[in-house]
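Hello,

Here is the structure I promised to pass on. My notes follow below it, so you can read them with the model open.

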Amino acid sequence: MSRFIQIVEVGPRDGLQNEALALPVEDRVALVRQLEAAGARRIEAVSFVNPKRVPQMAGAEEIMAALPPDPARSRIGLVLNMRGWDRCVAAGCDEANVVVCASDGFAVRNQGSTVAEQVAALAAIVERQAVEGGPPISATISVAFGCPFDGEVSQDQVVAIAREAAALQVAEIVLADTIGVADPWTVRRRIEAVRAAAPDARLRMHFHDTRNTGLANAYASVEAGIDVLDAAVGGLGGCPFAPNATGNIGTEDLVYMLERAGFETGYDLSALIAVGRQVSERLGKAPASSLARAGGFPA
Ligand code: ZN
């Protein structure tokens, strides 16, 4: 078995965004560099949200300016609207990850617009990219397995959004379990349903380990044929809707599980473990990833 599974490192964005302590720009640049040295080829480095709303993500432009362009790396910027897209293009990101929420409750509370308005915003961004140029666009469907406000999110709703994103020919569609409520069987069914509705779309999965189902969901995804998964070094982050919960699945945990089984990821596990321990220490907390505690095997 030598199938390559690509892991998109989201620690500097999704991880740090949900940490109580806001790291300064220089620490976040250092983290991106350390992760790239440990093997990250695609990395969600910055977020173009309003820094007044998310102070942890302030300084996106400075971070991008401090990272020299590298054809072997892709630095992704998170985008919620046209203003974010314009900032992302100006900052020189290699990819944009545009978020569309799967429920109106989350859409309105988190981004101040409805799902339909967010789909329209995605379409407008794709249109602007076609005219003026810009990096490839991924569309992340957030709360695709459950919403903290509206409760259950139906498969039909997720499929409908995925179908619209696929019609816009985005480079990739991401199903995100933003609050960590998915189970592996549902994951498989949603992947199959989205694939049936959008057979040409490249799919990527994004899991939080809030309720300890993160790696099982990653396993189910790989078994369902998914080749691209998100993870955050050290299991960084938390869940704003579940106090004391852990964050994204840990990159080192995912790398260990996959490489132990014979998959390739391109990461250096021991370097990754060291980065996870270091950033957790910087944040003043114990690393959430199991590998940061236990180490790899064989030693
Ligand atoms: Zn997330």
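Along the chain, the donors of the zinc ion follow the spacing D-x191-H-x1-H. They are D14 through OD, and H206 and H208, each through NE2, at 1.9 to 2.1 Å. Donors here are N, O and S atoms within 2.8 Å of the metal (3.2 Å for Na, K and Ca), and water is not among the atoms, so sites may look incomplete. The pair D14 and H208 links distant parts of the chain, 194 residues apart: D14 lies in helix α1 (residues 11–17), and H208 in the loop between β7 (203–207) and α9 (214–223). Helices (H or I, at least four residues) and strands (E, at least two) are DSSP runs, numbered from the N terminus. D14 and H208 are both buried; that word stands for under 20% relative accessible area, with exposed meaning over 50% and partly exposed in between (1.4 Å probe, protein chains only).

Please keep in mind that this is a predicted model, where local features need pLDDT of at least 70 and side-chain atom pairs count only at pLDDT 80 or more, while totals for chains, interfaces and linings use all residues. Residues are numbered from 1 along each chain as its sequence is written, and side-chain values use heavy atoms, with hydrogens and water left out.

Next, have a look at helix α4 (residues 82–91), where G84, W85, C88 and A91 are buried. These residues sit on the same side of α4 because they cover an arc of only 135 degrees around the axis, the arc being that of the directions from the helix axis to the C-beta atoms. In general, an α-helix has 3.6 residues a turn, so residues three or four places apart point the same way. On the face of α4 turned away from the buried side you will find the exposed residues R83 and A90. The cover over the buried residues of α4 includes β3 (74–79), β4 (95–101) and α6 (115–132). After α4 comes G92, with a positive phi near 80 degrees.

How does α4 meet α6? M82, W85 and D86 in α4 are in contact (heavy atoms within 4.5 Å) with A124, I125, R128 and Q129 in α6. The residues of this contact divide into four nonpolar, one polar and two charged. For that count, Ala, Val, Leu, Ile, Met, Phe, Trp, Tyr, Cys and Pro are nonpolar, Asp, Glu, Lys and Arg are charged, and the others, Gly among them, are polar.

Back towards the zinc side of the chain, α9 has G214, N217, A218, A220, S221 and V222 buried. Among the elements covering them are β6 (172–177), α8 (184–197) and β7. Just after α9, G225 takes a positive phi of about 100 degrees.

Finally, some backbone details. Two residues other than glycine have a positive phi: V143, near 45 degrees, and N212, near 65 degrees. V143 is found in the loop between β5 and α7 (155–167) and is buried, with a relative accessible area of 0%. N212, in the loop between β7 and α9, is exposed at 67%. The peptide bond from F297 to P298 is cis, with omega near -5 degrees, and P298 is found in the segment after α12 (290–294).

Best wishes
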